[in-house]
Each structure stands twice: as C-alpha cells, then as structure tokens.
Amino acid sequence: MAIATPARTDLPNLPHWETTPDDLPGAIRQIKAALRARIRASGRSVEEVFAVVEQRVRLRVEQIAAEKARGEPAWPIIDYADLAAGTVTPDQLAQLRQRGCLVVRGHFDRGQALRWDRAIVDYVESNRFFESYRGPGDDFFGSVGSRPEIYPIYWSPAQMQARQSDRMALVQAFLNSQWTSQSDGVQWFDPQRDSLYPDRIRRRPAGADSAGLGTHLDPGTLDLWLTRAYQQAFRHLFDGTVEAYDPWDAAYRTAGPQYPGSTMCSVFRTFQGWTALSDMAHDQGVLHTVPIPEAMGYLLLRPLLPDVADDDMCGVTTNQVFPASDTWHPLLMDALTGIPDVRAGDSVWWHCDMIHSVAPVQNQQGWGNVMYIPAAPWCPRNEKYAAVVREAFITGSSPSDFPDENYERDWPNRFRPDELNETGRRGLGFD
Ligand SMILES: [Fe+2]
C-alpha cells in the first residue's frame, strides 16, 4: 500500500472555514498571511516554492510547444480495443500520466453512438421538449436561437445505457487506477465502482455560432485554500515540500466539504469526460485543456506572490467558476491545446484539476454532440450525492447540482428502474 507523505506537524497551523465565510476578503487576507507564514516556517520563501512549480510547469509547456511544432498530437490517444485487451503500452501510460488527458478511440461502436444521438432526439421530440423549453436555467452555458444547445436532460435511455455499460465501467476503472486511491490505511475511493454522475447533453447543430467557454477549472473555488480537507490534500504546496506534490494522490480529496455555488460539482471526479455522439473536427469549437496536471500547484501558489492584493486570490471567488487567464497565468495559457478530430463513439477525458475551455466557432461544420459522462468513483462524497441522485432518478427530476428545471418528470419513456443492470444499481447505491 502506498504511504502518502503526511503533512508536517511542526509548522504553524492554518485557519480553516468549513462553510463559506461571511467575510470573504477577511478570510482571504487571513489565509494568505497564514500560508505565507507556514511556508516561511518550513525554511523556504514563497517565491522559491513558486519557482519550483513554475519550472516544473515550464518544462511541460516547452515540451508541448515542441510537439505541436513537429505536428504531433499533444493529446494522448488510446484505442478502446487496447484497453479491453490490456495491451496499452508503457509509453502510452506515461503520456497519459504526463498530460492528464486522453481520447479513447472507439470507446463505443460508431453506429451505437449515432443511434444514441438519434434516440435522444426522438426522446425529447416525443415529449414536445422544444415546444416547452423555457430558456437556459443558468447562465453558465448559452443557447442557440430559441433551441437549446445544452439539453437539461438527464434520464434518457441512451444516457443511462451508456452510463451503466460495461465499456464505460472498464474505461472509468482504467482512468481511476491512474490515481493513488489508497494510502495510510485509508481507501479514499473505490476505483472499480462509479457513481453514475448524471449530467446533461450538448447538441450543437451545423451552422451554429458559439462564443465558446472561457478557460476555467472545476474542482472548487476558495474552498481549495480555505477548508481543512483541501489544505491537507494540497499539503505539499504549503509546507515547503513542494517537490512531493502529486496531482494523482487522492488523499483528503474525497470526503471534505465544498462551498455551494451555482456552478458546483458535488462529486469527486478523477476525470471529467464526454462521449462523442457525432463526428467533430478539431477546429469546430471543441474542448481545449492545459494538459499539465501539476499546473494546480501554480494556480494555488500564484496568489501568494507579492504582486497580488492581500484580499485577492487572482480573481477566484465563490459562486463563479475558478478563472484561469493571461492576467495571472500567461505561462499556462501558452499550453492550451485542443482535442484532435474525434468520431462518434470516441470519448474524451481530462484530469479534474485541469484548466479547460471550449473554443468559439462560427458557422460550425457538422454537428457537435456529446453526452457528459465523467469518472466519479465511489467515495464518501459521491455516496452522499448518490442519495440525491437516486431520488432524482426515481422522480425524473433535475439532479441538485443543476438548475431546477425538471422537464422529464412526466415523460413516460424515460429510463426505468427495472432497466438498471448491476453496474447501474451499484452506481446509484441501490445495492
Ligand atoms: Fe468546466
């Protein structure tokens, strides 16, 4: 069993806030002073610790730029057939761990993916969704004309069949196993059991113009610095042992609280992901990432440098996604890399800490259709949310991480409980 390096106990303790502080600027001032004091007490300066992370990241940025210049795909690609046969090469594994992202080619048969896409259209049309659509329930994603681009639909047979499929379980278990899920006698999550996190569908039609989505990350906001569990998860960044920071160590990440927000994801995801339901070319408004998992160290330490105001965390605040930008993170932005061309049935994955964006597109060629299905392994946090998900599943409601839109409650042809297989029952916590 792995032994996670424990947090140093000889350094000053950090104040922590297990729920959102009332006085955010005050809490930011306090935690920044305490983090600086803790790093100084370790015998190193904040500048020195940041420089270590910056250098580690810079090497990756330069490597990615060189690969792009040579015309090589910076996004790792693995065939589903190799995953299933256990013939993924050590080089492929190393590239996955280095880049933190992956395209799984042929995750599903292309015909199956296209049938699911058609089935989703039939599902929503048979329930007169477009006639009853009331506009976007949140401002996180926009809509195209009067028709949505993001369908707030969670319980179609197509989505549930994909979520509980053997092929999905195999890929999720493979991705989960890139993490250290067990250390110091604690099993932080179960890599073999997914919690079937229900998310939406995107169907973006040919001819669409889309402004895309700016560079951001999803795992949290100020809670990443302010809660006890995250302070422990990121302990090496803050105690002078920054060289030991490991973005694949799940210790302390799967049980702590999160600050609520309109864009929050309640579950712990090892990877976020989606499955393509149409072919998509790399220049048609697709997903980009900064494929450097260690960049989280840069993001969390950058606000401690003296050029950032004492009550500012480089623009991070609650109830908004964590922004990444040229203002504070120009080095990271240099590495922003889009996915290669994908076909219906391929799936796309990225480490939960990684910066990502969706490129803008004008007059999109072809459809841009995806089902969002992440890898969210069973752990205390996901077990808690699974109880909410079970209830939403039974009543056909929108899950609580999403706007309260509830289109599917009266739809007779949504996926039924008696259609759950063993993976589905375990994932929702029925067994
Ligand atoms: Fe996101």
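**An iron site, a sheet and two cores**

Biologist: Which kind of geometry does the site of the iron ion have, judged by the angles among its 4 donor atoms?

Modeller: The angles among the 4 donor atoms run from 53 to 135 degrees, where donors are N, O and S atoms within 2.8 Å of the metal (3.2 Å for Na, K and Ca), and sites may look incomplete because water is not among the atoms. Four donors are called tetrahedral if all angles lie between 85 and 135 degrees, while four count as square planar and six as octahedral if opposite donors are over 155 degrees apart and all others between 65 and 115, anything else being irregular. By that rule, the site of the iron ion is irregular.

Biologist: Which residues of the protein supply the donors of the iron ion?

Modeller: This is a predicted model, in which local features need pLDDT of at least 70 and side-chain atom pairs count only at pLDDT 80 or more, although totals for chains, interfaces and linings use all residues. Residues are numbered from 1 along each chain as its sequence is written, and side-chain values use heavy atoms, with hydrogens and water left out. Along the chain the donors follow the spacing H-x1-D-x137-H. Lying 2.2 to 2.5 Å from the iron ion, the protein donors come from His-216 (NE2), Asp-218 (OD, listed twice) and His-356 (NE2).

Biologist: Is Asp-218 buried or exposed?

Modeller: A residue is buried under 20% relative accessible area, exposed over 50% and partly exposed in between, using a 1.4 Å probe and protein chains only. The relative accessibility of Asp-218 is 18%, so Asp-218 counts as buried.

Biologist: In what order do the 7 strands of the open sheet stand?

Modeller: Strands (E, at least two residues) and helices (H or I, at least four) are DSSP runs numbered from the N terminus, and two strands pair if DSSP finds at least two bridges between them. Strand 13 runs antiparallel to strand 2, with 4 bridges, and antiparallel to strand 9, with 5 bridges. Strand 1 (77-79) and strand 3 (150-151) each have a single partner strand, so these two stand at the edges. The pairing is mixed, and the order is 1-2-13-9-15-7-3.

Biologist: Which residue of strand 13 is the bridge partner of Trp-274?

Modeller: Strand 13 (residues 347-351) has 5 of its 5 residues buried, with Ser-347, Trp-349 and His-351 pointing one way and Val-348 and Trp-350 the other. Val-103 stands opposite Val-348, and the bridge partner of Trp-274 is also Val-348.

Biologist: At about what angle does helix 5 run to strand 7?

Modeller: Axes are lines fitted to C-alpha atoms, for helices over the stretch in contact (heavy atoms within 4.5 Å), and angles run from 0 to 180 degrees between N-to-C directions. Helix 5 lies across strand 3, strand 7 (201-204), strand 9 and strand 15 (368-372), and its angle to strand 7 is about 95 degrees.

Biologist: Which helix gives the most to the largest nonpolar core?

Modeller: A nonpolar core is a set of buried Ala, Val, Leu, Ile, Met, Phe, Trp, Tyr and Cys residues joined through side-chain atoms within 4.5 Å. The largest one has 59 residues, and Phe-129 and Ile-153 have the most contacts inside it. Several elements supply at least two residues each, among them helix 3 (80-85) and helix 5 (110-126). With 5 residues, the one that gives the most is helix 5.
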